[in-house]
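Please consider the structure shown below. The dialogue after it treats helix packing and aromatic pairs.

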Amino acid sequence: MESAKRRINAIKDFYHHLGKFILASAVLLSLKQNIVEWVLEHGGNTDPNFLQWVDWNILAVPIIWGIVIAVQACAVFGYPLIKNWEERQVQKYLKEDESRKTTN
């Protein structure tokens, strides 16, 4: 019972985290140009390399956060792609063994 509650809480936490990620990324990416323009106007630094650095740092937040979300998803839900592949391989080799037994 306690294990099931922990699993449900982990799933709920994941979906809350995912929702925050989507909302924050959408806001950040939609305001990206405004942020760069604000830095240009108020920062006093017009160096293109600096502006490109600011631009990439704005993009880095959703990228890194997305990687964290993917790791959390694997921790919560396991590795379904690998698990499905393993199950298909087991079934494949079982069928091959059965066909060898019937032909011999």
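What follows is a short exchange between a learner and a teacher.

Q: What kind of model is this, and how are its residues numbered?

A: This is a predicted model, in which local features need pLDDT of at least 70 and side-chain atom pairs count only at pLDDT 80 or more, while totals for chains, interfaces and linings use all residues. Residues are numbered from 1 along each chain as its sequence is written, and side-chain values use heavy atoms, with hydrogens and water left out.

Q: Which element has the lowest mean pLDDT?

A: pLDDT is the predictor's confidence in each residue, from 0 to 100. The protein averages 87, and 98% of the residues score at least 70. Among the elements, helix H4 (residues 80-103) has the lowest mean, 81, and H1 the highest, 93. Helices are DSSP runs (H or I, at least four residues), numbered from the N terminus.

Q: How do the axes of H1 and H3 cross?

A: Two packed helices are described by the angle between their axes and the distance between the axes. Axes are lines fitted to C-alpha atoms over the stretch in contact, and angles run from 0 to 180 degrees between N-to-C directions. Here the axes of H1 (residues 2-30) and H3 (residues 48-77) come within 10 Å and cross at roughly 165°. H1 is therefore roughly antiparallel to H3 (angles over 145 degrees). The crossing is left-handed, a term for a near helix turned anticlockwise from the far one by less than a right angle.

Q: How do the residues of this contact divide into nonpolar, polar and charged?

A: Ala, Val, Leu, Ile, Met, Phe, Trp, Tyr, Cys and Pro count as nonpolar, Asp, Glu, Lys and Arg as charged, and the others, Gly among them, as polar. The contact of H1 with H3 has 19 nonpolar, four polar and three charged residues.

Q: How many aromatic pairs are there?

A: Rings of Phe, Tyr and Trp (its six-membered ring) pair if their centres lie within 6.5 Å; planes under 30 degrees apart count as stacked, over 60 as edge-to-face and the rest as tilted. The count comes to five aromatic pairs. Phe 21 and Trp 65 have ring centres 5.5 Å apart and planes at 75°, so this pair is edge-to-face. Phe 21 lies in helix H1 and Trp 65 in helix H3, 44 residues apart.

Q: Is Phe 21 buried or exposed?

A: Buried means under 20% relative accessible area, exposed over 50%, and partly exposed in between (1.4 Å probe, protein chains only). Phe 21, at 16%, is buried, whereas Trp 65, at 24%, is partly exposed.

Methods:
Helix = DSSP H or I, 4+ residues; strand = E, 2+ residues; numbered from the N terminus. Parallel < 35°, antiparallel > 145°, perpendicular 65-115°, else oblique.
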